[in-house]
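Open the model in your viewer and keep the selection box handy. This tour goes from one stop to the next, telling you what to select and what to look for there.

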Amino acid sequence: MQAVQREIAQQLKVQAPFPDHAALEAEIARRIRFIQDCLVNSGLKSLVLGISGGVDSLTAGLLAQRAMRELRERSGDEHYRFIAVRLPYETQFDEHDAQASVDFINPDERHTVNIGPAVKALANEVAAFEGQHAVSRDFVLGNTKARIRMVAQYTIAGAAHGLVIGTDHAAEAVMGFFTKFGDGACDLAPLSGLVKNQVRSIARYFGAPESLVEKVPTADLEDLSPGKPDEASHGVTYTEIDAFLHGQPVREEAFKIICDTYRKTHHKRVMPFAP
């Protein structure tokens with residue numbers, strides 16, 4: 001079991017557990033430099049990130065805002081800007097958490113794009129939905145929401161001459177828990193390789209409210225199951241996923257679920273198939 005865990009962890013470039021506070025600080029500094037290098041090398045001046053209200057976008061936003069502040073201080077160029085974007089589908093049930101996240105990040109700019117009209121207009125034009133069960137339609141439209149959100153972020157990034165930040169990390173990557181060409185699409189992924197608990201640790205380092213750090217993770221894409229916890233979809237907990245990725249013992253059932261899901265979602269983590 002541990003050999004399989006090591007192999008998957010290596011493929012996902014999983015970050016080892018932080019042995020102490022100094023290691024945490026060093027890793028945060030490394031990821032901030034990574035963000036800065038990506039932007040400077042691109043020749044662009046802005047970063048765009050959708051803020052959902054969960055700890056992943058909160059943490060990525062905190063890293064991005066710190067990176068931009070340091071770039072401005074170092075270069076004297078005030079054109080470096082971090083843009084936080086709210087992308088609700090009509091009225092989001094946990095909008096207060098999303099607003100609290102944006103407030104705590106305190107970005108250089110705040111934008112809001114309601115994706116509801118665009119998703120509904122598209123759904124009304126899709127003849128393939130005719131005769132489909134409501135649950136199936138709801139699931140498909142959940143992925144459509146994620147893709148429309150990314151379209152909005154790239155539209156803003158295009159207008160602002162910037163890059164789009166993604167929030168994927170190892171605990172989601174191993175489960176393929178992202179929408180292909182939706183939240184899985186981005187220009188840089190500063191949380192890559194981290195497990196869920198490490199993402200929370202970084203948020204705590206920045207002093208984020210515990211209510212946001214420990215908020216129950218949810219993709220919140222399905223109208224028929226609003227706020228459905230990620231772990232209900234996974235069939236395993238993030239604690240088990242983190243343990244698996246760090247080579248620690250996990251239940252046999254959890255091991256099987258994670259390995260099976262990793263194998264089935266392989267296509268999400270690679271370039272499109274080609275002859």
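The expected span of a helix is 1.5 Å times one less than its number of residues. Helices (H or I, at least four residues) and strands (E, at least two) are DSSP runs, numbered from the N terminus. This is a predicted model, in which local features need pLDDT of at least 70 and side-chain atom pairs count only at pLDDT 80 or more, while totals for chains, interfaces and linings use all residues. Residues are numbered from 1 along each chain as its sequence is written, and side-chain values use heavy atoms, with hydrogens and water left out.

**Stop 1: helix H2**

Select residues 21–42, which form helix H2. With 22 residues at 1.5 Å a residue, H2 should span 32 Å, and its end C-alpha atoms are 32 Å apart, so the two agree.

Now colour the buried residues (under 20% relative accessible area, with exposed over 50% and partly exposed in between, using a 1.4 Å probe and protein chains only). In H2 these are Leu 24, Glu 27, Ile 28, Arg 31, Ile 32, Ile 35, Gln 36 and Leu 39. An α-helix has 3.6 residues a turn, so residues three or four places apart point the same way. The cover over the buried residues of H2 includes strand S1 (46–50), helix H3 (55–75), strand S4 (162–164) and helix H8 (196–205).

**Stop 2: H2 against H3**

Two packed helices are described by the angle between their axes and the distance between the axes. Here axes are lines fitted to C-alpha atoms, for helices over the stretch in contact, and angles run from 0 to 180 degrees between N-to-C directions. Show H2 and H3 together: their axes come within 9 Å and cross at roughly 65 degrees. The crossing is right-handed (the near helix is turned clockwise from the far one by less than a right angle; anticlockwise would be left-handed).

Which residues of H2 meet H3? Select Ile 28, Ile 32, Ile 35, Gln 36, Leu 39 and Val 40 in H2; their partners in H3 include Leu 63, Ala 67, Leu 71 and Arg 74. Contact means heavy atoms within 4.5 Å. By class, the residues of this contact are 10 nonpolar, one polar and three charged. Ala, Val, Leu, Ile, Met, Phe, Trp, Tyr, Cys and Pro count as nonpolar, Asp, Glu, Lys and Arg as charged, and the others, Gly among them, as polar.

**Stop 3: H3 against H8**

Keep H3 on screen and add H8. The axes of H3 and H8 come within 9 Å and cross at roughly 50 degrees. The two helices are therefore oblique to each other; angles under 35 degrees count as roughly parallel, over 145 as roughly antiparallel, 65 to 115 as roughly perpendicular and the rest as oblique. The crossing of H3 and H8 is left-handed. On the H3 side, pick Val 55, Asp 56, Leu 58, Thr 59, Leu 62 and Leu 63, which meet Lys 196, Val 199, Arg 200, Ile 202 and Ala 203 in H8. That contact holds seven nonpolar, one polar and three charged residues.

**Stop 4: two buried loop residues**

Select His 169, in the loop between S4 and H7. His 169 counts as buried, at 1% relative accessibility. Beyond four places in sequence, its contacts include Asp 56, Lys 196 and Val 199.

Next, go to Pro 190, in the loop between helix H7 (170–173) and H8. Is Pro 190 buried or exposed? Pro 190 is buried, with a relative accessible area of 1%. Pro 190 touches Arg 31, Phe 34, Ile 35, Ile 165 and Gly 166, leaving out residues up to four places away in sequence. Draw a distance from Pro 190 to Arg 33: they are 157 residues apart along the chain, and their C-alpha atoms are separated by 9.9 Å.

**Stop 5: positive phi**

Most residues other than glycine have a negative phi. Try His 161, in the loop between helix H6 (134–160) and S4, where phi is near 55 degrees, a positive value. His 161 is exposed, with a relative accessible area of 55%.

**Last stop: H1 and H12**

Finally, show helix H1 (residues 2–11) and helix H12 (residues 252–264), whose axes come within 12 Å and cross at roughly 40 degrees. That makes H1 oblique to H12. Val 4, Gln 5, Ile 8 and Gln 11 in H1 meet Phe 255, Cys 259 and Tyr 262 in H12. This contact has five nonpolar, two polar and no charged residues.
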